[in-house]
Amino acid sequence: MANTDVSQIIATSLRDRSGALADNITNNNALLRKINQSGNRKPFAGRDIVLELHYADNNSVQMYSDYDQISTTPADVISAAVYPVKQLAGSMTISGLEQIKNSGKAAVIDLVEAKMENLELSLQNELAAQLYKDGSVANDLNGLQNLVQDDPTSSESVGGINQANFTFWANKIYDFSGAGVTASSTTIQAAMNNVWLQCSRGADMPDCIVADSTYYNHYWTSLQAIQRIMSDDSGASGFTSLAYLNAPVYYDSNAPAAHMYMLNSKYLQLRYHPDTNFKALEPRYAYGQDAMSTIVVWAGNLVCSNRSLQGLVLA
């Protein structure tokens, strides 16, 4: 029979670790780290994740002189995007035999730490992959293939808004195939320039670029002798990046083939529920087994409040 004190040791160890677990998982990915730096890893409450959108200019703004009448007509300039809540979970299980072999508080804590490190890595990998999902599969995140689409002219709804009906809600693209150009190290920068200009509005411009191996290599090769790490901050964080204007360019093995996302992290958010932000639930004995399991849960989604300033280079 397993030691009845083990559950308390496990629970205490996981409570001490829970805050660091959330930070470690989200900071393990270059894009999520950029979202963190932008202050956009935020909690939500309610059945859905609702983002207010400032989608039009206030038409009361005008030049005037002296006693000219200034319009006070209310302007309908704010709408909202609504995203569903998605859930992620993983479990750590310790058998009765493992408990016997690791008797003593220190040994149990070491065992819990080893198993939690493995679970943490697995959660990191799954969340990193989910960032690029299109949300069409049940339970998947609304990742970049949903938020920054290959075909922004389709009638698909994103955040409950039909992008074909509302052009302010469509992301920008440069399609090598549509332009009749072959993607290569000699053409990649022109494509990036095209999307960058489409996604720039004054000082508001892309601040993070992620690409698959093909497009990352095209850009890397195009730099030749001037290739360099983007900044001390990027290098020190463990992410090697190239530089494009003022944005780091990262390679991400999870990115879809022949895709380069030019993103403005100011409008991308990782929203989470504060009660399930990689929270470890209380340990419980498995039914019909001499084993104790702990489940780590997370609920939220990757969301966007301005798709018109997000861009994509693809073929």
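**Strand 11**

I began with strand 11 (residues 259-263), where five of the five residues are buried, so the strand is largely enclosed by the rest of the structure. I note at the outset that this is a predicted model. I then checked which way the side chains go: His259, Tyr261 and Leu263 point one way from strand 11, while Met260 and Met262 point the other way. Residues on both sides are buried.

Next I looked up the pairing of strand 11. Strand 8 (residues 208-211) runs antiparallel to strand 11 and is joined to it by four bridges. Among the partners, Cys208 is bridged to Leu263, and Ile209 to Met262. Strand 15 (residues 311-314) is also antiparallel to strand 11, again with four bridges. There I found Met260 opposite Val313.

**The sheet**

I followed the pairing outwards and obtained an open sheet of six strands in the order 7-15-11-8-10-9, with mixed pairing. Strand 7 (172-175) and strand 9 (242-244) are the edge strands, each pairing on one side only. From one strand to the next the twist averages 20°.

Which helix lies across these strands? I found helix 7 (residues 188-198), which lies across strand 7, strand 8, strand 9, strand 10 (247-251), strand 11 and strand 15. Helix 7 runs at about 160° to strand 7.

**Cores**

I then listed the nonpolar cores. The largest has 55 residues, and Tyr83, Leu144 and Phe278 touch the most other members. Helix 4 (residues 105-130) gives the largest share of this core, seven residues. I also recorded a second, separate core of 21 residues, which includes Met192, Ala211, Tyr215 and Tyr216.

I took Leu144 for a closer look. With residues up to four places away in sequence not counted, Leu144 touches Leu31, Leu131, Tyr132, Lys133, Gln149, Val210, Tyr261, Leu263 and Leu302. Two entries in that list, Tyr261 and Leu263, I had already met in strand 11.

**Thr26 and helix 2**

I moved on to Thr26, which is found in helix 1 (residues 6-26). Is Thr26 buried or exposed? Its relative accessible area is 1%, and buried means under 20%, so Thr26 is buried. I looked for polar partners of the Thr26 side chain: it reaches the backbone oxygen of Ala22 at 2.9 Å, and a polar contact of 2.3 Å joins it to the side chain of Arg41. Leaving aside neighbours within four places in sequence, I listed the contacts of Thr26 as Leu32, Arg33, Asn36, Arg41, Leu127, Leu270 and Phe278. Phe278 had come up before, in the largest nonpolar core.

Leu32 and Arg33 led me to helix 2 (residues 30-37), whose buried residues are Ala30, Leu31, Leu32, Arg33 and Ile35. At the start of helix 2, I found a side-chain oxygen of Asn29 within 2.9 Å of the backbone nitrogen of Leu31. After helix 2 comes Gly39, with a positive phi near 75°.

**Whole chain**

I closed with totals. The secondary structure comes to nine helices and 15 strands. Of the 315 residues in the chain, 46% are buried. Among contacts with a separation of 6 or more, 74% are between residues 24 or more positions apart. The chain exposes about 15,800 Å², and carbon and sulfur atoms supply 50% of that area.

Notes. Residues numbered from 1 in each chain as written. Predicted model: local features only at pLDDT ≥ 70, side-chain atom pairs only at ≥ 80, totals over all residues. Heavy atoms only, no water. Buried < 20%, exposed > 50% of the residue type's maximum accessible area, 1.4 Å probe, protein only. Polar contact = N/O pair within 3.5 Å; in protein donor to acceptor, adjacent residues only side chain to side chain. Core = buried A, V, L, I, M, F, W, Y, C linked by side-chain atoms within 4.5 Å. Contact = heavy atoms within 4.5 Å. Pairing = 2+ DSSP bridges. Areas by Shrake-Rupley, 256 points an atom, 1.4 Å probe, with all protein chains shown as cover. Axes fitted to C-alpha atoms, helices over the stretch in contact; angles between N-to-C directions.
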